[in-house]
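User: Hey, can you walk me through this protein? I'm new to reading structures.
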Amino acid sequence: VVSTQSTVIFNIKHQLLLNYTNLRMVSSRDALIGGSAAGLVVDITLFPIDTIKTRMQSKEGLRSLGISDLHKLKGVGAAALGSMPSSALFFLAYEQLKLGGDGAWQHVYASSVGECLACLVRVPTEVVKQRVQAHQAVSSWAGLRQTLMSSGIRGLYVGYWTTVMREIPFAAIQYPIWEKLRAEWNPEGSGIKSGICGSVAGAIAGAITTPIDVVKTRLMLSQDRSITTACVIQQLYRSGIPTFFRGIVPRVGWLSIGGFVYLGTYQVILTLLR
């Protein structure tokens with residue numbers, strides 16, 4: 001009887017190990033499809049919270065925020081247009097590079113490279129989206145046209161390096177935590193459990209990187225094309241340290257819910273494709 005029980009336990013552990021190994025091996029096609037779907041779903045469903053966060057971090061604050069801004073979803077077109085390719089690029093790079101080794105540092109490396117590639121698409125759409133959210137443009141198309149007319153292509157990449165500086169620490173915190181949690185708690189590949197792991201990881205990473213997000217938002221919303229990151233940091237510092245944490249509640253809320261939706265959706269799509 002003891003021998004039979006040991007065999008059963010061994011088979012269960014072996015199957016769980018195989019399942020987790022299969023989780024790590026994601027084809028380029030699956031990464032592209034899963035990443036695209038996850039990015040689109042999370043950006044559209046959580047767009048109102050993102051609008052509140054953007055307004056809180058702008059110079060005007062929430063004074064100009066109206067209910068219509070939330071239900072009309074101004075700027076959602078830019079968000080939807082950029083979310084699919086940027087998320088697809090991220091997961092394509094991440095899934096391939098993380099197979100080069102194991103452990104947290106491999107996930108840090110893979111996610112950092114993935115974010116640098118994703119930001120090539122994400123930053124232009126963020127610039128347009130946030131200007132619409134802050135009432136600097138009436139629509140996504142108008143925001144794109146205004147930016148190109150006033151600053152050219154370079155205007156679409158205002159805050160690129162600041163965004164990369166925010167995304168790399170965020171990803172370097174979020175993805176090792178996510179991978180660790182799902183390896184120990186979700187070896188069977190459940191979409192719900194993967195989402196819960198992503199929610200915890202996203203909340204922790206979001207809180208820590210809020211100051212960088214505030215600087216990035218101020219840069220993108222600035223009408224002064226010559227403003228630098230150092231100037232924005234000085235302005236925020238003069239306003240007091242709490243200014244660096246404006247919007248932390250909606251940001252952590254957005255990323256906590258977003259981590260659940262984003263990484264949960266990604267896992268569900270991967271499961272369906274297999």
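Analyst: Sure, one term up front: buried means under 20% relative accessible area, exposed over 50%, and partly exposed in between, using a 1.4 Å probe and protein chains only. Gln174 has a relative accessible area of 5%, so Gln174 is buried.

User: Where do these coordinates come from?
Analyst: This is a predicted model, where local features need pLDDT of at least 70, side-chain atom pairs count only at pLDDT 80 or more, and totals for chains, interfaces and linings use all residues. Residues are numbered from 1 along each chain as its sequence is written, and side-chain values use heavy atoms, with hydrogens and water left out.

User: How many helices and strands are there in the protein chain?
Analyst: There are 12 helices and 0 strands. Both are DSSP runs numbered from the N terminus: helices are H or I with at least four residues, strands are E with at least two.

User: And how much of the chain is buried?
Analyst: Buried residues account for 48% of the 274 residues. Also, of the contacts between residues at least 6 apart in sequence, 81% join residues at least 24 apart. Contact here means heavy atoms within 4.5 Å.

User: Back to Gln174. Which helix is Gln174 in, and what does it touch?
Analyst: Gln174 sits in helix 8. Not counting residues up to four places away in sequence, Gln174 touches Gly198, Ala201, Gly202, Ala205 and Leu263. Gln174 and Gly206 are 32 residues apart in sequence, and their C-alphas are 8.5 Å apart in space.

User: What about Glu167, buried or exposed?
Analyst: Glu167 counts as buried because its relative accessibility is 8%. Glu167 is in helix 8, which covers residues 160–185. Leaving out residues up to four places away in sequence, Glu167 touches Glu115, Cys119 and Arg122.

User: Tell me about Glu115. Why does it count as buried?
Analyst: Glu115 counts as buried because its relative accessibility is 5%. Glu115 belongs to helix 6, residues 104–133. Neighbours within four places in sequence aside, Glu115 is in contact with Phe90, Arg122, Glu167 and Ala171.

User: Which side chain does the side chain of Glu115 make a polar contact with?
Analyst: The partner is the side chain of Arg122, at 2.7 Å. A polar contact is a pair of N or O atoms within 3.5 Å; within protein, one must be able to donate a hydrogen and the other to accept it, and residues adjacent in sequence count only if both atoms are side-chain atoms.

User: New topic: which residues in helix 7 are buried?
Analyst: Ser140, Ala142, Gly143 and Thr147 are buried there. Seen down the axis of helix 7, the buried residues fall within an arc of 160°, so they line one face of the helix. That arc is taken from the directions from the helix axis to the C-beta atoms.

User: What covers them, and what's on the other face?
Analyst: The cover for the buried residues of helix 7 includes helix 5 (76–97) and helix 6. The face turned away from the buried side of helix 7 carries the exposed residues Trp141 and Met149. Right after helix 7 comes Gly152, with a positive phi near 70°.

User: Last one: how do helix 2 and helix 5 cross?
Analyst: The axes of helix 2 (residues 28–45) and helix 5 come within 7 Å and cross at roughly 145°. Axes are lines fitted to C-alpha atoms, for helices over the stretch in contact, and angles run from 0 to 180 degrees between N-to-C directions. Among the residues that meet there are Gly35 and Gly39 in helix 2, and Ser83 and Ser87 in helix 5.
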